[in-house]
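Biologist: Please pick one part of this model and take me through it at close range, then follow the picture outwards to whatever else seems worth a look.

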Amino acid sequence: MAYFDKAKMSNGTVVDVQDTKGRALADTNLDAAKTELNQTITTKVNEEAAARQEADTAIRSALTAESNARADADSKLEAKINNIAETYINVKKYGAKGDGSTVDSVAIARCVSENAGKCIYFPSGTYMINTPITIPDNTAFIGDGATSIIKATLDFSGACMLQTRIWSPNTVNNEQYGYIQLSYLFFDGSYKTNYTSDTETGSGTWDGLHIGGFGPVLDHITVVNMPGYGVFLSDYRTSNQPFPRAEALVSNITVKWNGGHGLYVGNGSHDGEYVNCVIASNSRSSHNNYSNLILAENNANGRFTNCHFYSDYGNCKVAFSVNISKNGAPSRFVNCDIEGAANANLKTGGTTSIFINCSIYATFGSAQVYVDTPCVFIGCNFGKQAGDPIPTGRPAYSQVINFRDISTEPLPNVSFINCRLSDCDTPMVSYQPGGDNAKYWIFDLNGSSTVNPLVTSNIPPTWKVRWCGSFPTPLFTDANT
């Protein structure tokens, strides 16, 4: 049978005539294409829905994890805040005012007694006390620095402003107590209205801090204007007890303008570290009676680094800026300035104490250094005496070094190695003792002086001597080699 695409109607019009069989085939193909397209669309839609669901699940999981992490962090922060609130106890919560007029002794005592072993916080303010504060073992007092002031009232009654539980024990091994810390606090003893004055009369007898026990830490502490001592570190050796080792760490402290000694390191306070300290202008109650620093007998291994010991100009001078007991054990001073005393800047006890890169100058007595025991100076500078008038009753400056008791007591092994004299108009040593009482000394010097450091014609045979520089008789080769 033939297939026709066109046909003429009776009226003569030509029309298209679709092939029925071809149309059916086309319809079948069209339906198949539609079905395939629908399947493709359905697959794509399902895939997109699955991907969207997977992404939604991942987002929900991430949000849940983030929410859990935030909740966990919030919980930890809250715990930390609660812990801080529990650890740092504000004295003002116990009624302390810190207003400079209210006596806060009772409030502070209650706060301390109820929170032993924690950190007691003194916010900025002036806390007036009329009785001593006792700091318990394992307890810290922390302030805001120079604005956190603990100040004695004029009618203060007690031996000191602050004390450890046991200061000078007679039956207790010091390792059983102590471990206190004082940081960023300012202690004022109210000794004088103007505590820098030379002429104003003060009153009272109390000291600043009495610290005993093992491992005390004093950091960024200022102690001024006490009628007595500024800081007294003490821990006496007791019978039938192990030798105490206090091991204090003292850093960045200022002890000035106190009536008695500045820092007194008592019998038994061993192995202390003292860093970046200013101990100055003490002995304010009496000229030439007290020292800026005292290391008492049986005191071992004090290590001082970057410290300054001096006196402000005026009528009141310390007897010694650094006074080391003759019978003490050796100590070490590194990069320290030692100056401004009425008797001598430095008295070297403690056999084989060592001074490294120290400047020793501007004394107001007959000598800059008293040497009582064998000692070593390495890389030290000895400078010219200060130009202001010598206080009444003090001898004229006559020598750099005074070797004491040399005629009756042996003094071997004194060394000045790579040391310098700066603009001196007095001899290093005004006499040269010989014999077995003064042997094996070393003088290795440079610098300048209008007089020779030693008398070259009388150098003992056991000495090693060399100096060079601007001296009347430069000596460039070792003597007695």
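**A close look at I294 and beyond**

Modeller: Happy to! Let us begin in strand 20, which covers residues 293-295 and includes I294; strands here are DSSP runs of E of at least two residues, numbered from the N terminus. Please keep in mind that this is a predicted model, in which local features need pLDDT of at least 70, side-chain atom pairs count only at pLDDT 80 or more, and totals for chains, interfaces and linings use all residues. Residues are numbered from 1 along each chain as its sequence is written, and side-chain values use heavy atoms, with hydrogens and water left out.

I294 has a relative accessible area of 11%, so it counts as buried (under 20%, with over 50% called exposed and partly exposed in between, for a 1.4 Å probe and protein chains only). Setting aside neighbours within four places in sequence, I294 is in contact with H261, L263, Y264, V265 and N323, where contact means heavy atoms within 4.5 Å. One of these partners, H261, is 33 residues from I294 along the chain, yet their C-alpha atoms are separated by 7.4 Å.

Next, the aromatic rings. The pairing rule takes rings of Phe, Tyr and Trp (its six-membered ring) with centres within 6.5 Å, and calls planes under 30 degrees apart stacked, over 60 edge-to-face and the rest tilted. The count by this rule comes to 24 aromatic pairs. In one of them, the rings of F122 and Y127 have centres 5.4 Å apart and planes at 90°, so this pair is edge-to-face. Both F122 and Y127 are buried. The rings of F403 and W441 make a tilted pair, because their planes are at 40°, with the centres 4.3 Å apart. Since F403 belongs to strand 32 (residues 399-403) and W441 to the loop between strand 33 and strand 34, that pair ties together parts 38 residues apart in sequence. F403 is buried, and W441 is buried too. Both rings also belong to one aromatic cluster, made up of Y274, F304, F309, F333, F355, F377, F382, F403, F416, W441, F443 and W463.

Charges meet rings as well. The charged end of K317 sits over the ring of F364, at 4.8 Å from its centre; the test asks for NZ of Lys or CZ of Arg within 6 Å of the ring centre and within 35 degrees of the ring normal. K347 lies over the face of F320, 6.0 Å from the ring centre.

Finally, have a look at the backbone. Most residues other than glycine have a negative phi. Y440, which is not a glycine, has a positive phi of about 65°. You will find Y440 in the loop between strand 33 (415-424) and strand 34 (442-449). With a relative accessible area of 45%, Y440 is partly exposed. S190 is not a glycine either, and its phi is positive, at about 60°. This serine is placed in the loop that runs between strand 11 (181-188) and strand 12 (207-211). S190 counts as buried because its relative accessibility is 10%.

Key. Helix = DSSP H or I, 4+ residues; strand = E, 2+ residues; numbered from the N terminus.
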